Amino acid sequence: MMNEGQVLNASGPKKRGSSYRWLFITAARSFIVIVCVMIAVFFLIRIVPGDPAKMILGEYATPEALESMHHALGLDLSLGEQFLRFLSNLFTQGDTGNSIVSGNSTRVLIAERAPVTLLLIAMSSVLAIVIALLLATLASTNKNKWPDHLIRIFPTVTMGMPVFWVGLLLILLFGVRLRWFPVGGAGEGWGMAYSLILPSITVAFSQMPTLVRSLRAQMLDVLESDFIVTLKAAQIPSRVILFKHVLRNAALPTLMLFGVNLSYLIGGTLVVEQVFGIKGIGSLLFSSISNRDFPVIQGIALYCAVAVVIISLLVEIVSWWLDPRTKGKS
Amino acid sequence: MKTISAHNLTGPSRKSQGTLRRILKNPTLLGGIIMLAILVLLAILIPVISPYDPSAQDLRAFLQPPSAEHWLGTDQLGRDLFTRLIYAARTDLTIMVLAEIIPFCTGVFLGMLAGYYGKWIDNIISLVTDTFVAFPFYLIVIIVAFASGAGQRGIFITFMLVGWIVFARVTRGVTVSLRQQEWVASAQTLGLSGIRIMFRHILPNVLPQAVVVLMTDMVGLLVAIVTLGYLGIGIAPPTPDWGTMISDGQSFITTAWWLSAMPGLAVVYTGIALSLVGDGLADLWRRR
Amino acid sequence: MSKKYAFSRKLWVTGICTLLILVLVAGCSGGQSSSGSNENAGQNTNQAGQTEGNTGANPDQAATGGTFVYGRPAAVNSFDLHNQITANNAFAIDKVFESLLSFNSDGEIVDWLAESHSVSEDGLTYTFVLRDGVKFSNGTDVTAEDAVFSLERHLEVGGPLAIAAKVDSVKAQDAKTLVITLQEAYTPFLSELSNFSNGIIPKDFGGVSEEEFFKQPVGTGPFVVESWDPTGDVTFTKNPYYWQEGKPYIDKLVYKLIEDDSQAINQLKAGEVDAIESLALQNANEIKEGADTAVAENGSWVTEQIFFNTLDEHFADVHVRRALAQAIDREGLTNALTFGYAQTATSLLPTAIPYNSNDTVKALEFNVEAAKQELAQSAYPNGFSTKLLIASGNSSRAQAAQIIQAAGKEIGINIEIESIELAAFRERFFAYDFSMMINSGQADSPEANSIIAFQTDPDGFSKSYWTHYTNDEVTKLLREGQKTQDGEERAATYAQLLQILADEVPYIPLYYPEILKGVRSSVDGLIVLPNGSLRFEEVRIGQ
């Protein structure tokens, strides 16, 4: 369930006659999705009981203080008025307004937090892909021998491991006990990458099971296909077969899966950030929900929706490029 | 979970007399079923096995290490950890199963609908799916949990909202490929209604793959329930639950590590069992 | 056949993997696990102000300078001292602004920016003489005019910590003398002035706009804001003009935002921070026993309590409240939840507050039989069902709720725990939408009136802490206590008031948690104040 989503209707450009038409449909579709997300978020977060003013002023705030705070925040307006205000702000400024808690522009807040989260996603993705490729290759070329069995067990065992639990163990072992890595937070520059090593491993842990499984199954399918059997019979070196033909063919479905994982990760690093004390988008989302900081929640939702739409687009383009059928035609 | 591509599965054979033998011949499936059976049996029999009440406190004997009397020691309120661990299995497994039923049914139905009829139905359903995918997952989860208060209700609502998507996508894919086969066209010319074709002919072919996905999805759901417990918005006390037990025990990780390690391992154990069942079923159906 | 082997191998490997995880978990903890926190519970009570006595470095030659990093769970989002109350801001504001009076680690009021103060016989005129040589961090001298401006702005703004005394006038008699007159006597006034919200700011904000001023605040405090992210960290540098010569010893102070408590503890252990603000009671022993870490503790101004909604059909009945109070083993609860870092409560007031009457007030004792008899006298002799509201995410309260639930069951009161998220929790009890809840009462200043007024005044906005408890005798004693000059008479008034509260139990005081801060052992000279704030002026960081 953690990898709930899937790439936007992945029919891809290959089906369409005109790539312009495809582009237009995709763009329109993406736009509608983003607008739907924004409307849903706006009303969802206002259903939840809780008052931003009370979160800012605390339990001892006087009614007068609360009232003036409500007015300053525009929370005394009707829901409809608030929604109109929100829409006009969104379309004229491309922003969801200023944070209730800090007064800063949401865009600035997100821009400050985004690099660390993006780096975390990038590092963990590279890690997950490299390891998944290694393991899947090892497993599929040694089918039903011990490396294969070992590797097949891996996703079975790790699938049920909660991310925070893995993170906790890694912190205790490598951070507190061995002191190889910082236990949390994120430094600047190279320090940032260094301090993100443990979190990246944690995230990669949650990504790998499905990737390894999928890639292994696909590679076996390809390896056992007539096409490869013919190549083998033609005495083509197995390394060439593996890298030039097998991987390329097997990568396609896994790429889709990877896109799904990536979309999930964009808004889903929350738990890892919480466990490792990283000040990224996820922890900003969590504290904003706790504080009922509506503009920031909406801003993050916007950022996530846009990112997911872009990712699915990229996945489609890359898979189109990878797909041997499209290659054959052009 | 998306590893089994559609064309590999054509569904279970209608002849069922060989089913048991086939299960016995399928060690992965058998192993998974045995592991699950042990857990379920323990959960059912725990009142007989354990002399303790899961919520009976002993404020004078808290945080005891494992002993013959308390197999896994006691927690912060002096309750027997082993007893709570198994009672937690009751809670978590029940929620896991119940929370999957409705999303599974709606997901399969909507997926068939979208795959069979295509056109605008497909467009609307996939627009909704896309919107959910573009939504930060935790935003929905946390908001629903906050709105409904901590506890089972929040988990059920969340999964009714988002759980169906996986099933809808899988079923839609299979349905689309089935629809292009000749027998569907001939059934249509015979004048069978779309609903009848869907339920009588497409459903049996779609179900196997959906069930395989269900197994892995349950693992994910279990992990999600536990994660909510960790974030402090899961199942409310005093109901024993693995997630809350892990986060309660976290404070004592260096002094009484078993408090949070054991519930964690219980989650991993259940995960392994469900994955084995899923793998086994996929094997079984792939070989016809 | 090969399948069979494959399976047994699969099982094997699964088993080995599981074992490996077990070993990993065990390896992570290992070490000191044998000591067991059980034995330590109850041993170390009352080591107030422990770090002050921290030996180690010789104060005369210890290295000065360096950066002190303090891990805190919430960000500083405003420095506007007149509009803030919550700890995240208060404990940053009090580093930048200082008041005429302050309090020490024992909670005693001391002169601070004022060199001396005097109160007229009738309790209406307060005179303060400012210290010589006090400067703002921009180098300008502090005059009585600045104090007048500061207090007048506070009176005008009101804010969450509004001055409760009826102030008639605030005047600068000369450059160094400030005279405040009241319309009626109000004994808690001095303690009120010691609050951070009565800090002194430059007249007319030093010539800049209000908004600009609180972005770049200028005060007399030991530290100056260097950089500040309202959703993240704050970096302070030492105030070169600080009036306590040579202090602070450190050059920089960083407030590092670490939202997750266990993450904060890990960073402390790994030496990534020098101290952490939030240390849960159950983690204290672990930090205390750590080789490089220590616990700084002090008595607090906090009382953890069960609150009853006296408008609730069941809890309007005093016998029901008394029955439940007698059903709860408060001592056992305190032991199980606080590991020796709290004292079981008897009166409403924590021991660090004057006139707490803890020794004399007779609280209802734990006695299940008496509880049953008490319930038999109520309108619900056969028990009833009710709900206990708590905020989720607070492990201690979740545990306490389960203890209370078990206690209720013993006497036939069926309690359902309703655990909801903090913001929703506040909505609920602000609207009196609860039957009973667990929460804490906290004093703002070392003054009995501070907690009592908030929890007993039916006319105040807090409506006796949302219990709606109204008792004319209590209200009368409350008003008396506010007017009576300090001394035995005032003590008697509060003792009487607190006894009534103990008998009628609109709330059950459970325990007084201590203030706990996790600190690196290399840190010396940290002072823990009973409101939870720290003084960093004398901090030195060793090796």
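## Helix α7 of chain A and the contact between chains A and B

In this predicted model, α7(A) is mostly covered, with 11 of its 15 residues buried. Among these buried residues are Phe164(A), Trp165(A), Leu168(A) and Ile171(A), as well as Gly167(A) and Gly175(A).

The helix, residues 163–177 of chain A, has a length that agrees with expectation, because at 1.5 Å a residue its 15 residues should span 21 Å and its end C-alpha atoms are 20 Å apart. A kink of about 30 degrees is centred on Ile171(A), a residue that is itself buried. Just after α7(A), Arg179(A) adopts a positive phi of about 60 degrees.

The contact between the chains draws 46 residues from chain A and 44 residues from chain B. On the side of chain A that touches chain B, the elements that give two or more residues include α7, together with α1 (19–47), α9 (197–223) and α14 (294–322). The largest share of that side, 9 residues, is supplied by α1(A). The composition of the side of chain A that touches chain B is set out by class below.

| Class | Side of chain A that touches chain B |
|---|---|
| Nonpolar | 34 residues |
| Polar | 10 residues |
| Charged | 2 residues |

In chain B, Leu93(B) belongs to helix α3 (residues 81–117). Leu93(B) has 17 other C-beta atoms within 10 Å and is therefore partly exposed, since a buried residue requires 20 or more and an exposed one 12 or fewer. The C-alpha atom of Leu93(B) is separated by 8.6 Å from that of Val40(B), a residue 53 residues apart from Leu93(B) along the chain.

Note on methods: Residues numbered from 1 in each chain as written. Chains lettered and ligands numbered in written order. Predicted model: local features only at pLDDT ≥ 70, side-chain atom pairs only at ≥ 80, totals over all residues. Helix = DSSP H or I, 4+ residues; strand = E, 2+ residues; numbered from the N terminus. Expected span 1.5 Å × (residues − 1). Bend = angle between axes of the 7 residues up to and from the residue. Contact = placed C-beta atoms within 7 Å. Nonpolar A, V, L, I, M, F, W, Y, C, P; charged D, E, K, R; others polar.
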